[in-house]
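Me: I have a model open and want to go through its fold step by step. Can you take my questions in turn?

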Amino acid sequence: MESTADGDGCTTPDEHLMRVGYALDGDDGCIADARHHAAAFLDRASDDQHLPVSARARDLTQLVVSELVTNTRKHAPGPVLLELRITACRVEITVWDSDPRVPVARAADPHRVGQHGLEIVKAVAEDFDVRRAPTGKRITARITLADDPGHAPT
């Protein structure tokens, strides 16, 4: 397997080391199910691939999964697809839904209750991307696996 160095100095394989997908039915338990799938995926990555999954990365991954699946459940009809991919340096969380509208983070408002999910995801993710699909959209967030206090997200 060939590897390359990316801009943050981390050497990563050209392909993902692990990838898994889940179809979530959108019922009341799907958010908790999605968090459970994310935690189990990171456990397997740590055990099987010997990747340095920090407690911070685990917590942030579950937070991002929870926020993205919650937003999808609230705003898009039908099923939700969750895909988790991992490289030597980061976990990628992708959520697909059937609504083609691109979400927009709202302006800061200290009096607003709720509706901060997208703001939270953008604040904790190393990278955030929304792409329209033939039906719906795909939202991807990337979280660095290892703690590195000297590395600022780009």
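Reply: One term to begin with: contact means heavy atoms within 4.5 Å. Note also that this is a predicted model.

Me: Which residues of α2 does α1 meet?
Reply: On the α1 side, the residues are Cys30, Ile31, Ala34, Arg35, Ala38, Ala39, Leu42 and Asp43. Their counterparts in α2 are Ala57, Arg58, Thr61, Gln62, Val65, Ser66, Val69, Thr70 and Arg73.

Me: How do the residues of this contact divide into nonpolar, polar and charged?
Reply: Both helices contribute to the tally, as it covers the contact of α1 with α2. The split is nine nonpolar, four polar and four charged.

Me: Are α1 and α2 roughly parallel or roughly antiparallel to each other?
Reply: Helix α1 spans residues 30–49, and α2 spans residues 55–75. Their axes lie 9 Å apart, and the packing angle is about 150 degrees. Angles over 145 degrees count as roughly antiparallel. The pair is therefore roughly antiparallel.

Me: Is the crossing of α1 and α2 left-handed or right-handed?
Reply: The angle of about 150 degrees does not name the hand. The sense in which α1 passes α2 does: right-handed.

Me: Is Gln62 buried or exposed?
Reply: Gln62 sits in helix α2. Leaving out residues up to four places away in sequence, Gln62 touches Arg35 and Ala39. Its relative accessibility is 19%, and the cut-off for buried is under 20%. So Gln62 counts as buried.

Me: Which strands stand at the edges of the sheet?
Reply: The open sheet has five strands in the order β3-β4-β5-β7-β6, with antiparallel pairing. Each edge strand has a single partner, so one side of it is left without a neighbour in the sheet. The edge strands are β3 (18–24) and β6 (127–132).

Me: Which strands does α1 lie across?
Reply: Helix α1 runs at about 165 degrees to β3, one of the strands beneath its path. The full set is β3, β4 (80–86) and β5 (90–97).

Me: Which residue in the turn between β6 and β7 has a positive phi?
Reply: β6 and β7 (residues 137–144) pair in the antiparallel sense over six bridges. Asp129 has Thr140 as its bridge partner, and Arg132 has Lys137. The two strands form a hairpin with four residues between them. The turn residue with a phi of about 90 degrees is Gly136.

How values were computed. Residues numbered from 1 in each chain as written. Predicted model: local features only at pLDDT ≥ 70, side-chain atom pairs only at ≥ 80, totals over all residues. Heavy atoms only, no water. Pairing = 2+ DSSP bridges. Axes fitted to C-alpha atoms, helices over the stretch in contact; angles between N-to-C directions. Parallel < 35°, antiparallel > 145°, perpendicular 65-115°, else oblique. Left-handed = near helix turned anticlockwise from the far one by under 90°. Nonpolar A, V, L, I, M, F, W, Y, C, P; charged D, E, K, R; others polar. Buried < 20%, exposed > 50% of the residue type's maximum accessible area, 1.4 Å probe, protein only.
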